[in-house]
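User: I am new to this structure. Please walk me through it with short questions and answers.

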Amino acid sequence: PQHMIQIETVSDYMDQANSLLSNASFHPAAAAVLIGASLEEFLRVWCEAEGIQFTKPSIDNYAKGLYDKDMINKQDIKDITAWGGIRNDAAHGNWDSVSDKNRVRIMLDGVNLFMRVKTVPK
């Protein structure tokens with residue numbers, strides 16, 4: 001049940017991000033932060049399921065741990081690093097770096113596809 005709640009939470013965040021991107025009243029950074037939070041939660045849950053532990057939790061560390069166990073490939077690492085960078089720019093107020101709604105939409109689509117393709121053990 002806890003695993004399903006975590007996955008549902010991620011799905012809800014992604015739905016919220018999509019709604020924010022569809023509403024011209026919101027800066028794309030708002031959606032980027034939610035997408036990044038979704039990605040981080042997905043990776044964290046996956047690492048927990050695989051028994052991967054960290055002293056400093058982060059998107060990059062989760063990705064590296066999964067890569068080291070051959071759970072993701074080199075291209076996945078590159079994508080995750082790029083998405084994490086967009087999220088960090090949004091979270092740290094680098095508005096010019098996240099003002100392109102199309103770029104954030106590509107992030108949303110990429111993270112959605114990544115999460116659908118990758119299977120987190122229950």
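User: At what angle do α3 and α4 pack, and how far apart are their axes?

Analyst: This is a predicted model, where local features need pLDDT of at least 70, side-chain atom pairs count only at pLDDT 80 or more, and totals for chains, interfaces and linings use all residues. Residues are numbered from 1 along each chain as its sequence is written, and side-chain values use heavy atoms, leaving out hydrogens and water. Helices are DSSP runs (H or I, at least four residues), numbered from the N terminus. The packing angle of α3 and α4 is about 175°, and their axes are 10 Å apart.

User: Are α3 and α4 roughly parallel or antiparallel?

Analyst: Axes are lines fitted to C-alpha atoms over the stretch in contact, with angles from 0 to 180 degrees between N-to-C directions. Angles over 145 degrees count as roughly antiparallel. The two helices pack at about 175°. α3 and α4 are therefore roughly antiparallel.

User: Which residues of α3 are buried, and why are they on the same side?

Analyst: Buried means under 20% relative accessible area, with a 1.4 Å probe and protein chains only. In α3 (residues 59–68), the buried residues are Ile59, Tyr62, Ala63, Gly65 and Leu66. They share one side of α3 because they cover an arc of only 160° around the axis, taken from the directions from the helix axis to the C-beta atoms.

User: Which residues does Ile52 contact, beyond its neighbours within four places in sequence?

Analyst: Ile52 sits in the loop between α2 and α3. It is buried, at 13% relative accessible area. Contact means heavy atoms within 4.5 Å. With those neighbours left aside, Ile52 is in contact with Cys47, Gly65, Leu66 and Lys69.

User: Which parts does the salt bridge of Arg87 and Glu40 tie together?

Analyst: A salt bridge puts a side-chain nitrogen of Lys or Arg within 4 Å of a carboxyl oxygen of Asp or Glu. Here the N to O distance is 3.0 Å. Arg87 is buried at 15% relative accessible area, whereas Glu40 is partly exposed (20% to 50%) at 22%. Arg87 lies in α4 and Glu40 in α2, so the pair ties together parts 47 residues apart in sequence: α4 and α2.

User: Which residue after α5 meets Asp76 in a salt bridge?

Analyst: Asp76 lies in helix α4 and is buried, at 10% relative accessibility. Its partner is in the segment after α5 (101–117), 42 residues away in sequence. The side chains meet at 3.0 Å, N to O, and the partner is Lys118.

Key: Angles under 35 degrees count as roughly parallel, over 145 as roughly antiparallel, 65 to 115 as roughly perpendicular and the rest as oblique.
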